[in-house]
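Subject: Structure handover

Hello,

The structure we discussed is below, with the sequence. My notes on what was found follow it.

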Amino acid sequence: MLTKIGTGELIVILIIALFVIGPERLPKFGKAMGKAIRGLKKYVNEFTEELKDDDVDFKGIASEMSKLKKDVTDTLTGAGDDVKKAAADAGKAVRSSSNSKKAAPEAPPEAPESAQAAPTAETPVEAQTLSE
């Protein structure tokens, strides 16, 4: 960023600083700016190194995530194939069952008389009506 400042631009900046800051405070200001720039560079370098270290961890995590994605995809694909096969088998069973019922229809079974329940009263008014 600062490497794009040429000699001409630097001279213009120094002349403006001389007028704004003044000749007696310019050396102190220069030292303070130098310290600030050095501190900023140090901070940026440390931050860059930390990001490089973290970047390696992110690459490891990304490879683990891609492996997990592949495993999940394979598992779900296998499960989907199993479900399709089971559905096809169930469809065949239903078709064969309906074909056999068409050939020999059965009469619905009747309940024996002893299995039929006597009417029961749901409310006290109904119970009174039944007993009369």
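To begin with the backbone: G22 has a positive phi of about 100 degrees and sits just after helix 1. Helices here are DSSP runs of H or I with at least four residues, strands are runs of E with at least two, and both are numbered from the N terminus.

Please note that this is a predicted model, in which local features need pLDDT of at least 70 and side-chain atom pairs count only at pLDDT 80 or more, while totals for chains, interfaces and linings use all residues. Residues are numbered from 1 along each chain as its sequence is written, and side-chain values use heavy atoms, with hydrogens and water left out.

Overall picture

The protein has 3 helices and 0 strands, in the order α-α-α along the sequence. Its mean pLDDT (the predictor's confidence in each residue, from 0 to 100) is 77, and 70% of the residues reach 70 or more. Among the elements, helix 1 has the highest mean pLDDT, 87, and helix 3 (residues 124-131) the lowest, 59.

Of the 132 residues, 3% are buried. Buried means under 20% relative accessible area, exposed means over 50%, and partly exposed lies in between, with a 1.4 Å probe and protein chains only. The accessible surface is about 12,400 Å², and carbon and sulfur atoms account for 64% of that. Areas come from the Shrake-Rupley method with a 1.4 Å probe; for residues, only the protein chains shown count as cover.

Helix 1

The 15 residues of helix 1 should span 21 Å at 1.5 Å a residue, and the end C-alpha atoms are indeed 21 Å apart. The expected span is 1.5 Å times one less than the number of residues.

A nonpolar surface patch is formed by I11, V12, I15, I16, F19 and V20, which together have about 630 Å² of accessible area. Patch residues have over 30% relative accessible area and no salt bridge; nonpolar side chains (Val, Leu, Ile, Met, Phe, Trp, Tyr) are joined within 5 Å, like charges within 9 Å. V20 lies in helix 1 (residues 7-21) and is exposed, at 62% relative accessible area.

Helix 2

There is 1 aromatic pair in the structure. The ring centres of Y43 and F47 are 6.3 Å apart and the planes are at 20 degrees, so the pair is stacked. Rings of Phe, Tyr and Trp (its six-membered ring) pair with centres within 6.5 Å; planes under 30 degrees apart are stacked, over 60 edge-to-face, and the rest tilted. Y43 and F47 are 4 residues apart in helix 2 (residues 26-103), about one helical turn. Y43 is exposed at 54%, whereas F47 is partly exposed at 43%.

The structure also holds 1 salt bridge, meaning a side-chain nitrogen of Lys or Arg within 4 Å of a carboxyl oxygen of Asp or Glu. K70 and D74 form it, with the closest N and O atoms 3.1 Å apart. About one helical turn separates D74 and K70, which are 4 residues apart in helix 2. K70 is exposed at 51%, and D74 is partly exposed at 43%.

Regards
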